[in-house]
Amino acid sequence: MRRISRITVAGAATASLALALSACGSTSTSAGSSDSKGNKGLAIAYDVGGKGDQSFNDAAYAGLEKAQKDFGYETADVEPTEGETDADKEQRLVSLAKQGHNPVIGVGYAYASAVKGAAEKFPDTTFGIVDDATINTKNVADLVFNEEQASYLAGVAAARSTKSKVVGFVGGVDIPLIHKFQAGFAQGVKDTDPKVKVLSQYLTQTAEEGGFASPDKGKTAAEGQIEKKADVVYAAAGLSGQGVIEAAAAKKVWAIGVDSDQYEQAALAKYKDFILTSAMKDVAKAVYNLAKSVEDGKPETGIVRGDLKTGEVSLSDSNPKCADDAELQEAIKTAKEKIISGEIKVKSS
């Protein structure tokens, strides 16, 4: 179901406007044009960890940057605040819509209630939510991914790379979304080498406890798994994953990154030699595509899913030690083809 609306980007005037958002985190805006009615472009509200997580949120920001560059309009991105409520999140989205931004995207499943509420109040604005498929509203796009498929490939890479026959998984929060990462990874490992043991640990039961925003927790968990002989550790933990990567580098074992290509992240450069690969989901592409659909006058709505077939989930090969391993690359390629064809059914729990 598609709803037609168009932002006409015009303009001569350039502005940098700081939004006054009550009960909200800090906001940054990029200069650009708005039309005669004051309509502006894409705005995103970050998940826990905020911009600078070298992972999920930064991927969303990359999509926003591309939209701003391509469409020449004003964008905004807003940080979360500690201990905020659903009402705070909704106020943040409402404020962005009221300022004339379109589309407005909540980055993360925690925005589900807020996006639903804001979308009802602004039916002529397109809203998006990343990692949630529960909102069935005509002006909302549910941007979701088959993370378990990329995680399966990460499991193949881990099983082919381990020497100790022990690998680890660190999940940020014990929730169904992260269970998908664990399930796919464990299946990929076992299908590749049943003799490899998978150690799994979740950092917290709820996001409010810091599971996605605590590198120290990630580091401690990884150190514990490495002590138990894990020589490849995969983290699906947002900002906390930086601690996992740090611990792996310190012990000179492999880390597998998540969401973005963490081998290429500047903030992780000193650890890059120990980042084997990353199970990526192209949040940047999903964010950009929603902005483009609004710009084209044909806003995406409903469930918009990215998977291996569409190329919106994948496994990186930036590390030459991964890319130049012909046997490993052939194993990954074979597994990918079998998943796309349906020969391999990847578990999501």
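These are my notebook entries on the fold, two helices and a set of parallel strands in a predicted model.

**Entry 1: the chain as a whole**

I began with the protein chain in outline and found that its secondary structure comes to 10 helices and 13 strands. I then looked up burial and noted that, of the 349 residues in the protein chain, 58% are buried. For the accessible surface I recorded a computed value of about 14400 Å², with 48% of that area belonging to carbon and sulfur atoms. I also looked at how contacts are spread along the sequence: among those between residues at least 6 apart, 70% join residues at least 24 apart.

**Entry 2: strands 4, 5 and 6**

I next took strand 5, residues 127-130, and asked which way its side chains point: Phe127 and Ile129 go one way, Gly128 and Val130 go the other way, and all of them are buried. On pairing, I found that strand 4, residues 104-107, runs parallel to strand 5 and is joined to it by 4 bridges, with Ile105 standing opposite Gly128. Following the chain between these two strands, I passed from strand 4 through helix 3, residues 112-121, to strand 5, and I noted that this β-α-β crossover is right-handed. Strand 5 also pairs with strand 6, residues 140-145, in the parallel sense and over 4 bridges; there, Val130 has Leu143 of strand 6 as its bridge partner.

**Entry 3: helix 2**

I then turned to helix 2, residues 86-98, where I checked the length: its 13 residues reach 18 Å from the first C-alpha to the last, close to the 18 Å expected at 1.5 Å a residue. When I listed the buried residues of this helix, I wrote down Asp88, Lys89, Glu90, Arg92, Leu93, Val94, Ser95, Leu96 and Ala97, so that charged side-chain names stand in the list beside Leu93 and Val94. What do the buried residues of helix 2 pack against? I found strand 2 (43-45), strand 3 (75-78), strand 4, helix 3 and strand 5, and among these, strands 4 and 5 are the parallel pair of my previous entry. After helix 2 comes Gly100, for which I noted a positive phi, near 105°.

**Entry 4: helix 10 and Ala335**

For helix 10, residues 326-341, I repeated the length check: at 1.5 Å a residue its 16 residues should span 22 Å, and the end C-alpha atoms are 22 Å apart, which agrees. I listed Leu328, Ala331, Ile332, Ala335 and Ile339 as buried in this helix. Seen down the axis of helix 10, these buried residues fall within an arc of 95°, so they line one face of the helix. On the other side I found Ala326, Glu327 and Ser341 exposed. The cover over the buried residues of helix 10 includes helix 4 (147-161), strand 13 (313-315) and helix 9 (320-323). Just after the helix, Gly342 takes a positive phi of about 95°.

I closed with Ala335, which is found in helix 10, and asked whether this residue is buried or exposed. Its relative accessible area is 7%, and because buried means under 20%, Ala335 counts as buried. Leaving aside neighbours within four places in sequence, I found Ala335 in contact with Tyr152, Leu153, Val156 and Ile344. One of these partners, Leu153, lies 182 residues from Ala335 in sequence, yet the two are 6.9 Å apart in space, C-alpha to C-alpha.

Key:
Residues numbered from 1 in each chain as written. Predicted model: local features only at pLDDT ≥ 70, side-chain atom pairs only at ≥ 80, totals over all residues. Heavy atoms only, no water. Expected span 1.5 Å × (residues − 1). Buried < 20%, exposed > 50% of the residue type's maximum accessible area, 1.4 Å probe, protein only. Arc of directions from axis to C-beta. Contact = heavy atoms within 4.5 Å. Pairing = 2+ DSSP bridges. Right-handed = clockwise from strand over helix to strand, strands pointing away. Areas by Shrake-Rupley, 256 points an atom, 1.4 Å probe, with all protein chains shown as cover.
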